[in-house]
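The exercises below ask the reader to work through a structure by locating residues, judging their burial and tracing how elements pack. Please have the sequence and the coordinates at hand before starting.

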Amino acid sequence: MTQQQQQAEGKIIVLSAPSGTGKSSIIQRLMQHPELRLGFSISATSRKPRGQERDGVEYYFISPDEFARRAANDEFVEWEEVYAGTCYGTLRSEVERVVGAGRNLIMDIDVKGALNVKRCFGDRAIAIFILPPNLEELERRLRGRGTDSEETILKRLAKAEYELSFASQFDCRVINDTLEHAADEVGRLISEFAPTDR
Ligand code: ADP
Ligand code: 5GP
């Protein structure tokens, strides 16, 4: 396949789950598989960095005013106010950056954003829902991560059941019981769906 064909055919892989389920952990593992040819979609967010997060690595951290200006300027493929007062969105320039480099774009976005991406990209996108084994384990993971305040943890848990109700609208569902199993399963789904170097 020529570089041009690869660019034209780069696929969009969307992962969604309640916060704390393990999306970032799964993506980190998958990024270690060069044959999947993944490029991570760095979202913009109006929230502040957490823990060791760096601007331009996990997210583009921008102010709420800058976020609103870019949204009004139609610079996002999709954006959502995922938590009250906190917005997240995928910049058009980010999709071009990753797909233009001949990679399959992997996104970690909320349930509504994921379904919007499916509407926008159709068969070029696959939407994968990651499920926690149960809500008690989800709470343990959120607390164990040790990066969020009690208030934030409660906000995220309160939203989890609502988010889980979207699972049936996704193309596939994977339970993150052990990280190894979940990452293998998502990797298998990607290699069936997207052009890889295998
Ligand atoms: P998300 O990106 O969905 O918010 P993270 O990847 O940050 O979730 O994972 C939340 C916490 O759960 C982290 O501390 C991570 O190390 C842990 N974790 C992820 N997957 C598993 C798993 N299968 N078993 C136990 N802990 C996990
Ligand atoms: P966190 O603050 O834990 O990094 O992310 C909170 C939520 O925002 C997660 O559900 C994550 O998937 C979602 N999210 C991150 N980036 C985007 C994005 O670009 N668009 C949308 N719609 N949601 C996003």
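The exercises that follow concern a predicted model, and each is given with a worked solution.

**Exercise 1.** Determine where Asp-148 is found, whether Asp-148 counts as buried or exposed, and which residues Asp-148 is in contact with beyond its neighbours within four places in sequence.

*Solution.* Begin with the location: Asp-148 is in the loop that joins helix H6 (135–145) to helix H7 (150–164). Next, take the relative accessibility, which is 15% for Asp-148; because buried means under 20% relative accessible area, Asp-148 counts as buried. Then turn to the side chain of Asp-148, which makes a polar contact of 3.0 Å with the side chain of Arg-145. Finally, once the neighbours within four places in sequence are set aside, the residues in contact with Asp-148 are Arg-50, Leu-142, Ile-153 and Arg-156.

**Exercise 2.** Describe how H6 and H7 cross, and state which residues of the two helices meet.

*Solution.* Two packed helices are described by the angle between their axes together with the distance between those axes. For H6 and H7, the axes come within 11 Å and cross at roughly 150 degrees, and the crossing is right-handed. From H6, the residues that take part are Leu-135, Leu-138, Glu-139, Leu-142, Arg-143 and Arg-145, and these meet Glu-150, Ile-153, Leu-154, Arg-156, Leu-157, Ala-160, Glu-161 and Leu-164 of H7. Sorted by character, the residues of this contact comprise eight nonpolar, no polar and six charged.

**Exercise 3.** Identify the residues that touch the most other members of the largest nonpolar core, and name the element that gives the most to this core.

*Solution.* The largest nonpolar core has 20 residues, of which Ile-13, Leu-15, Ile-128, Val-186 and Ile-190 touch the most other members. Two or more residues each are given by strand S1 (12–16), helix H2 (23–30), strand S8 (125–131), strand S9 (172–175) and helix H8 (179–193), and H8 gives the most, with five residues. Apart from this core lies another, of 19 residues, including Val-14, Ala-125, Phe-129 and Ala-167.

**Exercise 4.** For Arg-37, state what is notable about the sign of phi in a residue other than glycine, and establish where Arg-37 lies.

*Solution.* Phi of Arg-37 is near 50 degrees, a positive value in a residue other than glycine. Arg-37 lies in the loop between H2 and strand S2 (38–40), and Arg-37 is buried, with a relative accessible area of 7%.

Note on methods:
Residues are numbered from 1 along each chain as its sequence is written. Chains are lettered from A and ligands numbered from 1 in the order in which they are written. This is a predicted model: local features need pLDDT of at least 70, side-chain atom pairs count only at pLDDT 80 or more; totals for chains, interfaces and linings use all residues. Side-chain values use heavy atoms; hydrogens and water are left out. Helices (H or I, at least four residues) and strands (E, at least two) are DSSP runs, numbered from the N terminus. Buried means under 20% relative accessible area, exposed over 50%, partly exposed in between (1.4 Å probe, protein chains only). A polar contact is a pair of N or O atoms within 3.5 Å; within protein, one must be able to donate a hydrogen and the other to accept it, and residues adjacent in sequence count only if both atoms are side-chain atoms. Contact means heavy atoms within 4.5 Å. Axes are lines fitted to C-alpha atoms, for helices over the stretch in contact, and angles run from 0 to 180 degrees between N-to-C directions. A crossing is left-handed if the near helix is turned anticlockwise from the far one by less than a right angle, and right-handed if clockwise. Ala, Val, Leu, Ile, Met, Phe, Trp, Tyr, Cys and Pro count as nonpolar, Asp, Glu, Lys and Arg as charged, and the others, Gly among them, as polar. A nonpolar core is a set of buried Ala, Val, Leu, Ile, Met, Phe, Trp, Tyr and Cys residues joined through side-chain atoms within 4.5 Å.
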